[in-house]
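Here is a short briefing to read alongside the model. Please keep the structure open as you go through the points.

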Amino acid sequence: MTKAILKLLLLSIGFCLPGICCGDANPAISREYQLKTAYLFHFAELAQWPDSTQMTICVKGDNPLRFYLPALEGMEVDNKIVHILLDPVFAIEQCQILFLSELDALSEAMLTQAKIHHVLLVSDVEQFASKGGMIQFTLRDNKLKLIVNLASVRAANLRLSSKLLRMAEILE
């Protein structure tokens, strides 16, 4: 088992790791965002970008993921070092994966830029996938589920592995 997989496994089952905020008042919230962090890393492993030479995961807006994503900094995916960008202002073309904290951020301009620059758009807000977002986290029966808008993914010239698609509800 590689060091990266071991670290993510420990992260996903709730063990504290250096650099990860584990003293959250609500352990269920902490676990939810630890799992989302692990999923974002797996999206980096299970998606294909045309001509990508980097792997940067960005967050737009205020979201608890900001406390957990730094644990991924420096990990490796397909011989690319993972970088985390939490700056309030950045250019979308810097990102391979962009987590949007608010549905309002999913504008026509954002969707167009994501298509042009082959950026995987992810969020945990309701209706994200149905409004054109690519992957939406949702809680059902106290379990984290995925909804994938396959048309949006394809429009951005991205490919998701069948392994990822088998775990998700697919919107065409």
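How many aromatic pairs does the structure hold? It holds three, where rings of Phe, Tyr and Trp (its six-membered ring) pair if their centres lie within 6.5 Å. This is a predicted model, in which local features need pLDDT of at least 70 and side-chain atom pairs count only at pLDDT 80 or more, while totals for chains, interfaces and linings use all residues. Residues are numbered from 1 along each chain as its sequence is written, and side-chain values use heavy atoms, with hydrogens and water left out.

**Confidence**

- The protein chain has a mean pLDDT (the predictor's confidence in each residue, from 0 to 100) of 86, and 83% of its residues reach 70 or more.
- Among the elements, which are DSSP runs (helices H or I, at least four residues; strands E, at least two) numbered from the N terminus, helix α1 (residues 3–12) has the lowest mean pLDDT, 48, and strand β6 (residues 120–123) the highest, 98.
- Over residues 8–25 pLDDT stays under 50, and the model has 32 contacts (heavy atoms within 4.5 Å) for them beyond four places in sequence.

**Aromatic rings and core**

- Tyr39 and Phe43 form a tilted pair (planes neither under 30 degrees apart, which is stacked, nor over 60, which is edge-to-face), because their ring centres are 6.0 Å apart and their planes at 40°.
- These two residues are four apart in helix α2 (residues 27–46), so about one helical turn separates them.
- Ring pairs link Tyr39, Phe43 and Phe137 into a cluster.
- Phe43 has a relative accessible area of 0% and is therefore buried (under 20%; exposed is over 50%, partly exposed in between, with a 1.4 Å probe and protein chains only).
- The largest nonpolar core (buried Ala, Val, Leu, Ile, Met, Phe, Trp, Tyr and Cys residues joined through side-chain atoms within 4.5 Å) has 53 residues, and Phe43 and Leu98 are among those that touch the most other members.
- Helix α2 gives this core its largest share, seven residues.

**Strand pairing**

- Strands β2 (residues 55–60) and β4 (residues 80–85) pair (at least two DSSP bridges) in the parallel sense over four bridges, with Met55 opposite Val82.
- Strand β3 (residues 76–77) pairs with β4 in the antiparallel sense over two bridges, and Val77 has Lys80 as its bridge partner.

**Serine 152**

- Ser152 sits in helix α5 (residues 150–155) and counts as buried because its relative accessibility is 13%.
- A polar atom of the Ser152 side chain lies 2.8 Å from the backbone oxygen of Gly132.

Technical notes:
A polar contact is a pair of N or O atoms within 3.5 Å; within protein, one must be able to donate a hydrogen and the other to accept it, and residues adjacent in sequence count only if both atoms are side-chain atoms.
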